[in-house]
Amino acid sequence: MIKRTHNCGELRQKNINNNVSLCGWIAKRRDLGGLIFIDLRDRYGKTQVVFNEDTHPDIFKTAKKLGLEDVIGITGLVNARPKEAVNPKMLTGEVDISVTELVVFNESDTPPFDIGNRNSAMEEHRLTYRYLELRTDELQRNMILRHKAGQATREFLNKQDFIEIETPILMKSTPEGARDFLVPSRIHKGRFYALPQSPQTYKQLLMVAGFDKYFQIVKCFRDEDFRADRQPEFTQIDIEMSFIEQNDIIKIGTGLTRYVFESVLDVKLPETFPSFTYQEAMEKYGSDKPDTRFGMELHEFAQYVEQSDFNAFKSVLEIGGRVKAVVCPNADHFSRKVIDELTVWIKTYHGAKGLAWMKSVNGSLDGGISKFFPDEVKSQIINDLDVSENDIIFIIGDTQKVVLNSLGALRLELANLENLIDTNAWAPLWVVDFPLVEWNDDKNRWDAMHHPFTSPHLEDIKLMETDPANVRSLGYDVVVNGYELGGGSIRIHSKDLQKKAFDLLGVSESEAQEKFGFLMDAFKYGAPPHGGMAFGFDRLVMLLAGSSQIRDVIAFPKTTSAMSLMDNSPSFVDDQQLYELGLEIKKIDKS
RNA sequence: GGGGUGGUAGUUCAAUUUGGUUAGAGCACCGGCCUGUCACGCCGGACGUUGCGAGUUCGAGUCUCGUCCAUCCCGCCA
């Protein structure tokens, strides 16, 4: 056994003539005949080691057989490289080690892809050999970043007197919200635990218990469909506090975000983040998680439609719809084909019926639907919307929901297509005053927008029975660069108000008792006013890592069909296991 | 549940207008040469159920249908 005296990233000029030992993997090998260079890699870096046939023929013979990803330990003398052989691209590039002792710990089969280049294999393949992909520079860096973010989180919250408390992973299933992952009970056959979608109820109970500042970095599970930024299991920074108001949570959430960004990236975010009401965010950006790294805000367009002959939009307005516009700068290269493609895209994915447009040419508006607008209205538009030469105005008229959502999506799409986003910028913000409930057309009822324990704005309580759609909640999200990083709310802590909320959501007393009885009961014994929030930890790390894929910051992620390609889970189980659980698998007929 | 893209050697990619010799190349691998390379170089070699299953055809990597997997998006994600 050779024990390392140094790691592969630390040797410098000052170590010249030291006798050192290194252990690691063979990252690269250059065989010059009587001289072999090997780049030895560990998680700290790479160091070049040299085998010389003249000085150590026996070791050289062994070295001749070494291949990529073999694990070796070496002892040798640190040399200054000849001037012309210094490699300025390597941190250890001024030195190398002439090997006097070699131990081959383990030979590697030919690696299924090039560890030095993460793009050398398709993702499917890399996920199968995830432990090898984790050897790549990029993933090593991401895992270290994740560690640092976790440490910073604990440091910050610990300094603020928060206590980390673990909550159960096996808990009660409640069919609200996302679909639960279920775990069958062996002892109580036919019954199931659920994996937590979040520790929501537990953290509220901890407030009742008097742990007035709680946090946890905790796994959560949601059995829905997955995306580039969504995994079936993910990690939250879960926070709850007592005797506080919305602004106190926003202060802590801002502080934590700033602390993590500064600790991990040395980036200083503003002391306070801009705050938008839900209403403002939707009207300006067509999104409840706006990316404000670029402008292109949405403009009201109804007043111009009214002065035009464009009947399609006029009738939209007559039936209570909306017409809004977004201006895309420097769009002279937007051919008819590009516009058509955008139109198809927005119809397909965002439910708009069409995409109207006008181009700014020679100080007036041209093309598209411009012929329906009188010249003086065109000038007005150019003036009001601050339209420059060669800009293109995209206009959508439809129901409010479709207009805001599709223009919001178009705004992002255009910014991406046109590279209008400053990728070095950080745009954190809060969105507040979310609606308490939203109408569920399928189920013909009001659903909680956040969750059923979210408190309404106190002055809106009176609207709960008469005008639910306009009840604002004490719910808030923190958004960075268009990603919802976290969210939370002030919770209801009074039995009466909670009953009112359940009434609005159509949850009967018996149903409430069955599902949340333990929480309702707890509230009988002195529940402090409380509230909190949760950060999507993986998303936070993803942003810090500059990635747009959550898989990049999770050591062993699942695919978008929730499979682990490495260990092939989920998998079938023995009949014996099923028998013990009192389960039987129904044959799925695939005819 | 719906739509887009992709699946060819260990791997990354090629393979002409619906099709036409023995399915090619880089890296990796094996062998040989090479003492300052760092994308080492040079010479040679081995490597294929074209994801899977049907169909059309004299003939399918290529066309059709089904299916599986990956990925991106819509729905979904309190």
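Asp 225 of chain A is exposed, with a relative accessible area of 57%, where exposed means over 50%, buried under 20% and partly exposed in between (1.4 Å probe, protein chains only). The residue lies in the loop between strands E9 and E10. Asp 225 and Gly 321 are 96 residues apart in sequence, and their C-alpha atoms are 32 Å apart in space.

The model is predicted: local features need pLDDT of at least 70 and side-chain atom pairs count only at pLDDT 80 or more, while totals for chains, interfaces and linings use all residues. Residues are numbered from 1 along each chain as its sequence is written, chains are lettered from A and ligands numbered from 1 in the order in which they are written, and side-chain values use heavy atoms, leaving out hydrogens and water.

**Chain A as a whole**

The secondary structure comes to 17 helices and 22 strands. Helices (H or I, at least four residues) and strands (E, at least two) are DSSP runs, numbered from the N terminus. The C-alpha trace spans about 90 × 75 × 60 Å along its principal axes. Of the 591 residues, 48% are buried. Among contacts with a separation of 6 or more, 68% come from residues 24 or more positions apart; contact means heavy atoms within 4.5 Å. The accessible surface comes to about 30500 Å², and carbon and sulfur atoms hold 49% of that area. Accessible areas come from the Shrake-Rupley method with a 1.4 Å probe; for residues, only the protein chains shown count as cover.

**Strand pairing**

Two strands pair if DSSP finds at least two bridges between them. The strands E9 and E10 that flank Asp 225 belong to an open sheet of eight strands with mixed pairing, in the order E6-E9-E10-E22-E21-E20-E17-E11. Its edge strands are E6 (163–164) and E11 (275–277), each of which pairs on one side only. Three antiparallel pairs, with one residue pair from each, are listed below.

| Strands | Bridges | Facing residues |
|---|---|---|
| E9 (213–221) and E10 (233–242) | nine bridges | Ile 217 and Ile 237 |
| E1 (19–31) and E4 (71–80) | seven bridges | Trp 25 and Val 71 |
| E4 (71–80) and E5 (95–106) | 10 bridges | Ile 72 and Val 104 |

E4 thus appears in two of these rows, pairing with E1 and with E5. In a regular strand the side chains alternate between the two faces of the sheet.

**Helix H9**

Helix H9 covers residues 311–318, and its buried residues are Phe 313, Val 316 and Leu 317. These lie on the same side of H9 because they cover an arc of only 95° around the axis, the arc being that of the directions from the helix axis to the C-beta atoms. Asn 311 and Glu 318, on the other side, are exposed. The buried residues pack against helix H8 (302–306) and strands E13 (322–328), E14 (356–361) and E16 (392–398). After H9 comes Gly 320, which has a positive phi near 85°.

**A nonpolar surface patch**

Tyr 131, Phe 556 and Met 566 form a nonpolar patch on the surface, with about 300 Å² of accessible area together. Patches are made of residues with over 30% relative accessible area and no salt bridge; like charges are joined within 9 Å and nonpolar side chains (Val, Leu, Ile, Met, Phe, Trp, Tyr) within 5 Å. A salt bridge is a side-chain nitrogen of Lys or Arg within 4 Å of a carboxyl oxygen of Asp or Glu. Phe 556 is partly exposed, at a relative accessible area of 48%, and sits in the loop between helix H16 (537–545) and helix H17 (575–581).
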